[in-house]
Amino acid sequence: MTATAERPQLSDSQLQELLALIEDADSVELKLTVPEHRRRSTVTGLGMDALDAQIRQVFFFDTPELTLDKAGVVVRARRIQGKGNDSVVKLRPVVPSELSGKVRRAPEFGVEVDAMPGGFVCSGSFKNAWTTDTVLDSVSGKRPLRKLFSKEQRAFYAAHAPAGLEIDDLSVLGPIVVLKLKFSPEGYDRRLVAEMWFYPDGSNILELSTKCAPAEAFDVAAKTRAFLSERGVDLDAEQRTKTRTALEFFAANLQPAPEAEPVG
């Protein structure tokens, strides 16, 4: 007999917190990472075609010590095949009701709850987009990093980043090559998104997700879980986060090598 992982459960207090966050959020994204030994069966079971995927490059910006990450701030930019570039300044976790009215009313700002087996996090993000390759110019040093971000993004960053740490002081962490596939599998009446993140050491993460309105979150979660289970997708595996894995990998490579012990 083989042991079965115990399905993580939210406590009553966590469930109450989740309900309150969802009520004030703009959207909910349900996420699941697929363990490596189940990826081939998952791709087959869901009818995924890699040739339909879009190529992306993702860059993060932080210090070698991950100072921003420790403060709950994520700064990111992407190059997207056929779509141009975008950038994000994100704060997590956030309590939507504690955000200023000016920030909440900004059209470029959104509050989203990410929910995965056994956990959830609420984040607030300012986004900006271009059709030109501004990201490549900035990460290659041809223009300042701050030029990747709008006035509103820079103000949001200044309000939440550690004092004295300017955007131009940040190191480039990346890129990560990503394949993103949007598809509607047979038997499922919503669109799923699959993202495969390829890390430079040869490791990778496959994540499945779907977005929904806050009011339908629990109904969508139940239907999605039932569908994925029916298709043989492992719903109880240990979850990995794409961003955390990327930050830790590149930050480790920015750290200076330890000095060799003197001989003799």
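# Close-up views of a predicted model

**View 1. Strands S2 and S3 run antiparallel and are joined by five bridges.** S2 covers residues 54–62, while S3 covers residues 73–80. Keep in mind that this is a predicted model. To find one of the links for yourself, start at Gln57 and look across to S3, where its bridge partner is Arg79.

**View 2. Here we follow S3 to its other neighbor, strand S4.** S4 takes in residues 84–91, and eight bridges tie it to S3, again with the two strands running antiparallel. One pair to look for is Val75 with its bridge partner in S4, Val89. S3 and S4 make a hairpin, with three residues between them. In that turn sits Gly82, which has a positive phi of about 80 degrees. So how many of the eight residues of S3 are buried? Seven are, so S3 is largely enclosed by the rest of the structure.

**View 3. Three spots in the backbone are worth a pause: Leu66, Pro93 and Pro175.** Leu66 is not a glycine, yet its phi is positive, about 55 degrees. You'll find Leu66 in the loop between S2 and helix H3 (67–70). Is Leu66 buried or exposed? Its relative accessibility is 10%, and the cut-off for buried is under 20%, so Leu66 counts as buried. Now for the prolines. The peptide bond from Arg92 to Pro93 is cis, with omega near 0 degrees, and Pro93 belongs to the loop between S4 and helix H4 (101–105). The bond from Gly174 to Pro175 is cis too, with omega near 15 degrees. Pro175, though, is part of strand S7 (residues 171–183).

**View 4. Helix H2 has a buried side and a face turned away from it.** H2 spans residues 39–46, and Arg39, Thr42 and Leu46 are buried in it. Looking down the axis of H2, you'd see its buried residues fall within an arc of 60 degrees, so they line one face of the helix. What do they pack against? Their partners are strands S1 (27–34), S7, S8 (192–198) and S9 (204–212), plus helix H7 (217–230). Flip to the face turned away from the buried side and you meet the exposed residues Arg40 and Thr44. Right after H2 comes Gly47, with a positive phi near 65 degrees.

**View 5. The largest nonpolar core is made up of 39 residues.** Those with the most contacts inside this core are Phe61, Leu68, Phe109, Val113, Leu148 and Tyr157. A second, separate core has 17 residues, including Val34, Phe183, Leu192 and Leu208. Back to Val113 for a closer look: leaving out residues up to four places away in sequence, Val113 touches several residues, among them Leu18, Leu21, Ile22, Ala25, Val28, Phe120 and Val121. Val113 also touches Ser27, Glu29 and Cys122.

**View 6. Two cysteines, Cys122 and Cys212, and no bond between them.** A disulfide is a covalent bond between the sulfur atoms of two cysteines. How many disulfides turn up in a search of the whole structure? The search finds zero. For Cys122, the nearest cysteine sulfur is that of Cys212, 13 Å away. That is too far for a bond, since a disulfide needs its sulfur atoms within 2.5 Å. Both residues are tucked away: Cys122 counts as buried at 2% relative accessibility, and Cys212 is buried with a relative accessible area of 6%.

Technical notes: Residues numbered from 1 in each chain as written. Predicted model: local features only at pLDDT ≥ 70, side-chain atom pairs only at ≥ 80, totals over all residues. Heavy atoms only, no water. Core = buried A, V, L, I, M, F, W, Y, C linked by side-chain atoms within 4.5 Å. Buried < 20%, exposed > 50% of the residue type's maximum accessible area, 1.4 Å probe, protein only. Contact = heavy atoms within 4.5 Å. Helix = DSSP H or I, 4+ residues; strand = E, 2+ residues; numbered from the N terminus. Pairing = 2+ DSSP bridges. Arc of directions from axis to C-beta.
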